[in-house]
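Here are some short exercises, each with a worked solution. Try each one on the model before reading on.

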Amino acid sequence: MPLSPCSSKSNRLPDITENSADTLVYNREILNIGSSDFILIDEVSVNEEKNLKTYCTQIAYKTKSAFKRKNIPKRLPFLQWWPTYTKENCIGDLLAGITVGLTLIPQSMSFAALAGLTPQYGLYGSFIGSMMYVFLGTCREVPMGPTAIVSLMTYNTLNGLGPVYGTLLCFLTGVIQLIMGIVGLGFLIDFISGPVNAGFTSAVAILIVVSQVKDIIGIRAVGSTLIDIVVSLSKDIENFRIGDIILGSTCIVVILLLRMLALIHIGPEEDSQRTKFQQIINRTMWLIGTFRNSIVIIVTTFIGFVYVNSSGHDMTSNELPPIPFKVIGKIPAGLPDFDFPKFSITRDNGTTVGFFEMVSDMGSGVIVLPIIALIENLSICKTFSLGKPIDATQELLAIGLCNIGNSFFHAFPGSGSFSRSAVNAGSGVRTPMGGLYSGILVIVALLFCTPYFYYIPKSALAAIIIAAVIFMVEIRVVKPIYRSKKSDLIPGLGTFFACLLLHMEIGILIGVGLNLISILYHAARPKLSIRVNTTRSGINYLMMTPDRCLIFPSVDYVRNIIIKHSLKQNLPVVIDCSHIYGADFTAAKVIELLTIDFSRRGQLLFFYNLKPSLVNVFEGVRPKDFNIRLFYESKEIDQLLLKHMTVNNTSED
């Protein structure tokens with residue numbers, strides 16, 4: 001059975017072998033990957049010409065390898081599984097694709113409403129991207145399309161600007177993700193830690209639930225923060241509609257009950273030990289639970305059809321039908337026209353809004369939204385990869401191109417969806433080909449079913465969203481974080497409350513900032529072990545051991561501690577540099593001042609196990625009287641101290 005790269009058993013290229021410390025060996029030449037600053041490396045004496053030659057070799061190798069035929073399957077992953085695609089795989093993908101498609105159609109319309117757009121725009125973003133991901137994606141479980149988080153961020157970014165801006169936002173999202181993939185900026189997501197991501201996701205889930213309350217009770221409300229939405233709800237609360245409340249609440253209960261039904265199993269735990277009847281019953285309950293959104297939409301659409309037709313309402317008019325609940329209304333039939341995004345628009349008063357003004361109107365969400373969409377997609381890939389490596393660069397390229405493709409069909413930004421991925425995996429998807437069948441099902445719905453979408457109650461769509469996102473509130477991670485490291489709750493809770501009370505992009509930046517502050521604080525306050533030792537000859541000295549590298553935030557702190565305790569003890573000082581594996585120019589200047597200070601007051605200062613690379617850094621700023629006393633064997637300290645003490649005593653005599 002062929003697997004997608006996300007689930008394959010081996011992702012190694014034949015001529016690359018893995019070594020320790022993230023080092024790859026290419027034809028017996030070592031290529032170090034990542035930053036070489038402030039890391040512990042072997043001290044090897046290599047001349048400058050050799051280094052320059054190595055760098056040139058590495059650049060030439062990367063340039064050459066980019067055009068090698070063997071790397072084409074990495075950028076077109078379908079070439080890896082398509083040659084061995086079988087009839088069994090086709091059947092499995094077809095069943096999974098239909099199952100996901102029946103989930104995707106009502107979800108996409110719901111998420112379009114969440115994004116502040118009419119329902120057809122959700123369908124527009126559910127077929128081209130899904131089909132493109134078949135050829136570009138690395139994870140078979142990922143179905144591209146609108147998601148709750150990205151839709152809410154789209155709503156906050158557009159802020160009522162309309163579908164033209166939404167299409168441009170989709171295009172810009174894809175371009176930014178594509179550029180990030182090309183230049184290798186996927187590492188930016190590493191700055192969003194687990195607690196920050198959990199806080200952001202939980203806050204977004206609560207915001208989505210609150211934002212959908214308006215459709216559940218049939219009133220109007222706007223806002224991008226929790227306070228704004230609550231205030232807006234309170235202003236129109238007296239106009240609530242009993243019909244919407246009853247229908248919406250019932251839909252939520254039914255969806256949750258059907259979700260529970262899908263989790264029920266009859267018979268033994270092992271499926272192989274169950275009888276045929278038990279397997280059929282379990283499969284039937286799972287299918288009913290999986291199709292819960294479609295079942296609710298079909299039933300409520302029929303109810304809406306009965307009510308609208310019994311009222312004698314003219315469906316060609318723009319007036320709402322006189323029934324107890326609100327319905328979606330008219331949706332354009334057929335597929336959207338292929339068209340480029342609009343990079344300028346003309347307002348009703350005749351003024352033209354240029355590209356840069358349109359981008360400025362959307363604000364910082366243009367930058368934040370692509371990163372959030374990437375995080376959501378990569379999280380899904382990691383969840384279903386079973387520990388296998390994830391090609392983040394290829395995923396960036398894939399979802400970037402998918403969003404660019406969607407923008408040519410008037411869609412808004414999308415990404416992979418956790419809920420649909422779970423359905424995809426549970427349906428037995430074999431390869432990414434399942435996305436093709438889901439996309440075809442959406443096209444069929446656009447061609448033949450749009451007249452019936454008129455009768456779908458808005459409260460039913462809101463119920464689908466609420467029932468999907470309430471499980472995104474990650475309360476379960478609080479206890480493990482508290483047990484593991486209590487201080488990690490600070491950025492997590494900070495992100496949670498900031499995203500609720502402020503705009504989401506500001507909230508997540510606050511979370512990242514809190515993480516960086518924590519990292520910088522620990523970098524600026526290294527631990528120093530200080531103790532008084534005695535040599536075999538009876539000479540006391542002060543041993544100081546910093547536990548990490550010396551860089552500009554920490555050097556003054558370390559220097560002050562060394563000076564304070566050296567003056568207090570008035571003993572020779574030995575700085576154990578075993579854990580100092582990196583330094584910068586600021587550290588070199590501080591060491592210079594430190595050695596000069598010790599020299600002027602006649603107090604001995606030694607550096608134990610100072611690595612040659614750091615000696616070069618320190619000596620790079622030395623004046624004539626800069627002197628570093630070094631030793632590399634612990635037994636040498638007795639001899640050095642005895643020698644210098646004897647010299648000092650002789651000089652005094």
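**Exercise 1.** Work out how strand 8 and strand 9 pair, and over how many bridges.

*Solution.* Start with the sense: strand 8 and strand 9 (residues 540-546) are antiparallel, with 7 bridges between them. Helices (H or I, at least four residues) and strands (E, at least two) are DSSP runs, numbered from the N terminus, and two strands pair if DSSP finds at least two bridges between them. Next, pick out a facing pair: Leu528 sits opposite Pro546 in strand 9. Then look at the turn: the hairpin of these two strands has 5 residues between the strands, and Gly538 there takes a positive phi near 90°.

A word on the ground rules: this is a predicted model, where local features need pLDDT of at least 70 and side-chain atom pairs count only at pLDDT 80 or more, while totals for chains, interfaces and linings use all residues. Residues are numbered from 1 along each chain as its sequence is written, and side-chain values use heavy atoms, with hydrogens and water left out.

**Exercise 2.** Find the order of the open sheet, and say which strands stand at its edges.

*Solution.* The order is 8-9-10-11-12, so to speak a row of 5 strands with mixed pairing. Now the ends: strand 8 (528-534) and strand 12 (630-631) each have a single partner strand, so one side of each lacks a neighbour in the sheet. At the strand 12 end, strand 11 (residues 605-608) runs parallel to strand 12, joined by 2 bridges. Tyr608 has Phe631 in strand 12 as its bridge partner.

**Exercise 3.** Which residues touch the most other members of the largest nonpolar core?

*Solution.* First the criterion: a nonpolar core is a set of buried Ala, Val, Leu, Ile, Met, Phe, Trp, Tyr and Cys residues joined through side-chain atoms within 4.5 Å. Buried means under 20% relative accessible area, exposed over 50%, partly exposed in between (1.4 Å probe, protein chains only). The largest core has 108 residues, and Tyr133, Phe200, Ile208, Met362, Ile372 and Phe453 touch the most other members. Helix 15 (residues 365-384) gives the largest share, 12 residues. Zoom in on Ile372: skipping neighbours within four places in sequence, Ile372 is in contact (heavy atoms within 4.5 Å) with Ile149, Met153, Phe200 and Ile508.

**Exercise 4.** How many salt bridges does a search of the whole structure find, and how far apart in sequence are Asp391 and Arg75?

*Solution.* Use the cut-off: a side-chain nitrogen of Lys or Arg within 4 Å of a carboxyl oxygen of Asp or Glu. The search turns up 8. One of them joins Asp391 and Arg75, with the closest N and O atoms 3.6 Å apart. This pair links distant parts of the chain, 316 residues apart: Asp391 is in the loop between helix 15 and helix 16 (392-407), and Arg75 is in helix 2 (residues 72-75). Asp391 is partly exposed at 26% relative accessible area, and Arg75 is partly exposed too, at 35%.

**Exercise 5.** Is Asp244 buried or exposed?

*Solution.* Begin with the partner: Arg241 and Asp244 form a salt bridge through their side chains (3.0 Å, N to O). Asp244 has a relative accessible area of 0%, so Asp244 is buried. Arg241, at 26%, is partly exposed. For another pair, try Glu141 and Arg140, whose side chains also form a salt bridge (3.0 Å, N to O); both residues are buried.
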